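Please open the structure in a viewer and keep the sequence at hand. This tour proposes a series of selections and describes what is found at each stop.

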Amino acid sequence: MALKLFCYRKGNSILHRIPPLLKIFFMMLFCITAFLGGQKETAEEILQKSVYFQLLYCICICILLFMLSKVSIRSVLQMRWVLWFGLMVTIFRLFPEDYSVIDSFELYKPILVNGLLAGGLYTIRFLFASFVCQMVFETTSSLEIREGFENIHIAVCRFLPFMKKYNLAFVISLAVTFIPEVFETWEKVTKASKARRGKKRGIISFFRNLFSEMAALLSILIGTADTKRRAILNRGFKI
């Protein structure tokens, strides 16, 4: 069976046994710290020691989570989609604000170097953040996430009774658990697209298929979201 991005995997690892809310809050905190300091724009900013220490911290956390979760190496290899995303970000960073500098390589060289380094740094940060999210969602079921937020909601209602009429815990857990569903749907769409197009190759065919897949993904997700909205309203929830 093919592994799915950000989808729950049964297991009995240490990471599986950690309280789900603790993992969710840690995931959010890690994503913030991974991009802490803002996006660096110049080579001087990127090559500072603080950036090296930040990346070292991220590497250590990722290695620790990988050991605690006992995931398959195939799960790590699925993060390669981040590299394609980072490549697109890097390409956009290579375009200067003033296109007249392209005529002179000496003027364009700093922009080229800064764009490559900035795009590479963003890709590495995004890769670490995606990896941690993968580890958390693989070891935390949607039911555990929902129960965790509901427990917080119950505790808050003891001190703030008026919060009982709001379903914030349900809305937050619904939003969080929708993330794995997006990638599961994307996997189904890409498999269906590959089965239909066969072995057609070429840059034009690639972008045509990519556009079709994105359109299909968006259409399915909108339909799924509307179906869930109707089901929630039929059950008497107010969101």
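Contact means that heavy atoms lie within 4.5 Å of each other. With that in mind, please select E144: not counting residues up to four places away in sequence, E144 touches P20 and T139. The model on the screen is a predicted one.

**First stop: E144**

Keep E144 selected and look at its surroundings. E144 belongs to helix α8. Is this residue buried, partly exposed or exposed? E144 has a relative accessibility of 27% and therefore counts as partly exposed, since buried requires a value under 20% and exposed a value over 50%. Its side chain reaches the backbone nitrogen of S141 at 3.0 Å. Now add P20 to the selection. Although E144 and P20 are 124 residues apart along the chain, their C-alpha atoms are separated by 6.2 Å.

**Second stop: the packing of α2 and α8**

Next, select residues 20-34, which form helix α2, together with residues 142-159, which form helix α8. Two packed helices are described by the angle between their axes and the distance between the axes. What is the angle at which α2 and α8 pack, and how far apart are their axes? The angle is about 90 degrees, and the axes are 8 Å apart. The helix α2 is therefore roughly perpendicular to α8, because angles of 65 to 115 degrees are counted in that way.

To see the residues that meet, display the side chains on both helices. On α2, the participants are P20, L21, I24 and F25; on α8, they are E144, I145, G148, F149 and I152. By type, the residues of this contact comprise seven nonpolar, one polar and one charged.

**Third stop: K23**

Stay on helix α2 and select K23, which lies in that helix. Is K23 buried or exposed? With a relative accessibility of 4%, K23 counts as buried. Leaving aside neighbours within four places in sequence, K23 is in contact with L15, H16, I18, V136, T139 and T140. Add V132 to the view as well: the C-alpha atoms of K23 and V132 are separated by 9.7 Å, while the two residues are 109 places apart along the chain.

**Fourth stop: H16**

One of the contacts of K23 is H16, which is the next residue to select. H16 is found in helix α1, made up of residues 14-17. Its relative accessibility is 9%, so H16 counts as buried. Which backbone atoms does the side chain of H16 reach? The side chain of H16 reaches the backbone oxygen of R9 at 2.7 Å and the backbone nitrogen of G11 at 3.4 Å. Apart from neighbours within four places in sequence, the contacts of H16 are Y8, R9, K10, G11, K23, S69, E138 and T139.

**Fifth stop: L116**

Move to helix α7, residues 105-138, and select L116 within it. At 45% relative accessibility, L116 counts as partly exposed. Leaving out neighbours within four places in sequence, L116 is in contact with T90 and L94. Select V89 too: the C-alpha atoms of L116 and V89 are separated by 9.6 Å, and the residues are 27 apart along the chain.

**Sixth stop: the cysteines**

Now select C133 and C31. A disulfide is a covalent bond between the sulfur atoms of two cysteines. How many disulfides does the structure hold? The number is zero. The closest cysteine sulfur to that of C133 is in C31, at 4.0 Å, which is too far for a bond, because a disulfide requires sulfur atoms within 2.5 Å. C133 is buried, with a relative accessible area of 15%. Select C157 as well; at 8% relative accessibility, C157 also counts as buried.

**Last stop: the whole protein**

Finally, clear the selection and colour the protein by secondary structure. The protein has 10 helices and zero strands, and along the sequence the pattern reads α-α-α-α-α-α-α-α-α-α. Of the 239 residues in the protein, 34% are buried. Among contacts between residues at least 6 apart in sequence, 81% join residues at least 24 apart.

Note on methods
Residues are numbered from 1 along each chain as its sequence is written. This is a predicted model: local features need pLDDT of at least 70, side-chain atom pairs count only at pLDDT 80 or more; totals for chains, interfaces and linings use all residues. Side-chain values use heavy atoms; hydrogens and water are left out. Axes are lines fitted to C-alpha atoms, for helices over the stretch in contact, and angles run from 0 to 180 degrees between N-to-C directions. Helices (H or I, at least four residues) and strands (E, at least two) are DSSP runs, numbered from the N terminus. Angles under 35 degrees count as roughly parallel, over 145 as roughly antiparallel, 65 to 115 as roughly perpendicular and the rest as oblique. Ala, Val, Leu, Ile, Met, Phe, Trp, Tyr, Cys and Pro count as nonpolar, Asp, Glu, Lys and Arg as charged, and the others, Gly among them, as polar. Buried means under 20% relative accessible area, exposed over 50%, partly exposed in between (1.4 Å probe, protein chains only). A polar contact is a pair of N or O atoms within 3.5 Å; within protein, one must be able to donate a hydrogen and the other to accept it, and residues adjacent in sequence count only if both atoms are side-chain atoms.
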